[in-house]
Amino acid sequence: PLALDAGSQLVYRLDLADGTAEALTVRTGFYRPRGLDADWAGALYVADTGGGRVVIVDSDGSVAGEFGGPDSALGAGQPVDVLATQQALWAITSEDGRLTNLYTGGSLSAVARAVSIDGPHLAGLDDGSFFVSDPVRRIIIRFSAQGQPLQQLAYPDRFVLPTGIAAALIDNQLSMAVVDTQQCSLSLWSGPAELLSE
């Protein structure tokens with residue numbers, strides 16, 4: 001597994017067997033990065049929030065490309081997370097709440113405006129569909145693989161500021177983990193996959 005540390009601005013490879021963390025060599029610097037994903041080929045995608053960009057890093061640590069930059073619309077929105085699927089590369093921004101397909105440039109207002117430290121995050125499923133946390137409205141939104149909003153999961157008595165999110169389909173069950181930064185909590189959710197029917 002990988003971990004992104006916004007404070008040290010480094011990506012770490014974690015060894016769960018012995019509890020160690022090794023900083024990866026990346027041939028660029030980041031400024032307060034908030035989101036990270038990896039694809040099946042070993043490339044890393046980093047939401048370099050303070051740098052206003054999403055950076056693609058090859059498995060050897062070299063920069064393969066980037067989207068945005070300080071003077072771009074993506075940069076002004078401050079990307080806080082990124083999600084690589086086989087169909088798209090998605091970024092979510094905190095300052096304007098926009099969900100953007102970086103490959104096509106298409107975007108839509110997806111969540112309420114939030115501060116980047118407690119901004120929205122993304123979690124994907126194997127079929128390309130994904131979830132976005134909306135910390136301000138205290139909901140989780142499900143999107144199709146093409147970026148169409150499909151469903152809202154609202155638990156106002158449970159969520160105060162839901163930010164981090166992970167999701168998986170396991171044995172026909174949807175499993176989801178949600179980090180609530182206001183409550184300093186991690187909650188686990190599970191339900192039948194039929195919850196995902198459109």
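Start by colouring the protein chain by secondary structure: this predicted model has one helix and 18 strands.

**The whole chain**

Zoom out until everything fits on the screen. The C-alpha atoms fill a box of roughly 45 × 45 × 30 Å along the principal axes. For 198 residues, a compact globule would have a radius of gyration near 16 Å, and the protein chain agrees, with 16 Å.

Now switch on the surface. About 9800 Å² of the protein chain is accessible, and 50% of that belongs to carbon and sulfur atoms. Underneath, 46% of the 198 residues are buried. If you display contacts between residues with a separation of 6 or more, 35% of them join residues 24 or more positions apart.

Next, colour the charges. You will find 11 positive and 23 negative ones, and their mean positions lie 7 Å apart.

**Strand β9**

Hide the surface and select residues 89-93, which form strand β9. How many of its five residues are buried? The count is five of five, so strand β9 is mostly covered.

Show the side chains and turn the strand slowly. In a regular strand, side chains alternate between the two faces of the sheet. Here Leu89, Ala91 and Thr93 point one way, while Trp90 and Ile92 point the other way. Residues on both sides are buried.

**The neighbours of β9**

Add residues 79-84, which make up strand β8. β8 and β9 run antiparallel and are joined by five bridges. To see one pairing, pick Leu83: its bridge partner in β9 is Trp90. Follow the backbone from β8 to β9 and you pass through a hairpin of four residues.

Then add residues 98-101, strand β10. This strand also pairs with β9 in the antiparallel sense, over three bridges. Which residue of β10 is the bridge partner of Ile92? Click on Leu99 to see that partner. Between β9 and β10 lies a hairpin with four residues between the strands, where Gly97 takes a positive phi near 65°.

**The helix**

For the last stop, select residues 73-77, helix α1, and find Ala76 within it. Is Ala76 buried or exposed? Its relative accessible area is 56%, and exposed means over 50%, so Ala76 is exposed.

Finally, draw a distance from the C-alpha atom of Ala76 to that of Gly51. These two residues are 25 residues apart along the chain, and their C-alpha atoms are separated by 9.8 Å.

Note on methods: Residues numbered from 1 in each chain as written. Predicted model: local features only at pLDDT ≥ 70, side-chain atom pairs only at ≥ 80, totals over all residues. Heavy atoms only, no water. Helix = DSSP H or I, 4+ residues; strand = E, 2+ residues; numbered from the N terminus. Rg over C-alpha atoms; globule rule 2.2 N^0.38 Å. Buried < 20%, exposed > 50% of the residue type's maximum accessible area, 1.4 Å probe, protein only. Contact = heavy atoms within 4.5 Å. Areas by Shrake-Rupley, 256 points an atom, 1.4 Å probe, with all protein chains shown as cover. Lys, Arg positive; Asp, Glu negative; His and termini not counted. Charge placed at Lys NZ, Arg CZ, Asp CG, Glu CD. Pairing = 2+ DSSP bridges.
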